[in-house]
Amino acid sequence: MNFPEIHEFLGCHTPTSWVEAALVDQETMLIDHKNCEFKAASTALSLIAKYNTHVDLINLMSRLAREELVHHEQVLRLMKRRKIELRAVSAGRYASGLRAVVRNHEPVKLVDTLVVGAFIEARSCERFEALVPHLDDELGRFYFGLLKSEARHFQGYLKLAYQYGDEKDVNRVIEKVRAVEQELIEAPDTEFRFHSGVPAV
């Protein structure tokens, strides 16, 4: 399965060193992945609460939140089968680093937030794709199964950004966020997380 639009949207590929770190520490990867699914559902619900007159946003985010919670439950079951205990894992710098560039006045705050959401979903899809060939059958099948939904979520966020924003402005925001996202992915990172950068030696 190939997603050229995802690779075109992102500024870089996941570094090989991140994939290697993920394979060595699959326990942390799964715990943080579970947390990411929950945060994705929470973000969708908070967008519904904040923009409660935007019908298309409400419909899309309602479906997205349900899907993300199902994924959250699926990762939990997978962890249980693998006897991986739940433990606190701090949030990485990725999402907060992206949100730092969001403008704080409306209506452009919504547009920026949707573009950031598109990048997070696109990177998740790209990371699953990078991992699948190296995983055991069960985890590989599960992550392969998530590829389509992450790609669909990326497309949904991007479509809403163009719907609620000015096309030229949205394109500028994409360029701005792309540069920040690439820096977060390619720069050394002291902690391994699902969206972390290059593992610091």
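In this predicted model, a good place to begin is Phe-142, a buried residue whose relative accessible area is 14%. Tyr-143 is likewise buried, with a relative accessible area of 0%. Both residues count as buried because their values fall under the 20% cut-off for relative accessible area.

The rings of these two residues lead to the aromatic side chains of the structure, which holds 7 aromatic pairs. One of them joins Phe-142 and Tyr-143, whose ring centres are 5.7 Å apart and whose planes make an angle of 40 degrees, so that the pair is classed as tilted, a class for angles that are neither under 30 degrees nor over 60. Phe-142 and Tyr-143 also belong to one aromatic cluster, which they form together with Trp-18, Phe-128, Phe-192 and Phe-194.

From this cluster we can turn to charged side chains that meet aromatic rings. Arg-127 lies over the face of Trp-18, a member of the cluster, at a distance of 4.0 Å from the ring centre. In another such arrangement, the charged end of Arg-178 sits over the ring of Phe-9, 5.8 Å from the centre of that ring.

The last part of the path follows helix 7, which runs through residues 137-164. Its 28 residues reach 41 Å from the first C-alpha to the last, close to the 40 Å expected at 1.5 Å a residue. At its N-terminal end, helix 7 is capped by Asp-136, which places a side-chain oxygen 3.2 Å from the backbone nitrogen of Glu-138. Further along, at Leu-147, helix 7 bends by about 30 degrees.

Notes. Residues are numbered from 1 along each chain as its sequence is written. This is a predicted model: local features need pLDDT of at least 70, side-chain atom pairs count only at pLDDT 80 or more; totals for chains, interfaces and linings use all residues. Side-chain values use heavy atoms; hydrogens and water are left out. Rings of Phe, Tyr and Trp (its six-membered ring) pair if their centres lie within 6.5 Å; planes under 30 degrees apart count as stacked, over 60 as edge-to-face and the rest as tilted. Buried means under 20% relative accessible area, exposed over 50%, partly exposed in between (1.4 Å probe, protein chains only). A charge sits over a ring if NZ of Lys or CZ of Arg is within 6 Å of the ring centre and within 35 degrees of the ring normal. Helices (H or I, at least four residues) and strands (E, at least two) are DSSP runs, numbered from the N terminus. The expected span of a helix is 1.5 Å times one less than its number of residues. The bend at a residue is the angle between axes fitted to the seven residues ending there and the seven starting there. A polar contact is a pair of N or O atoms within 3.5 Å; within protein, one must be able to donate a hydrogen and the other to accept it, and residues adjacent in sequence count only if both atoms are side-chain atoms.
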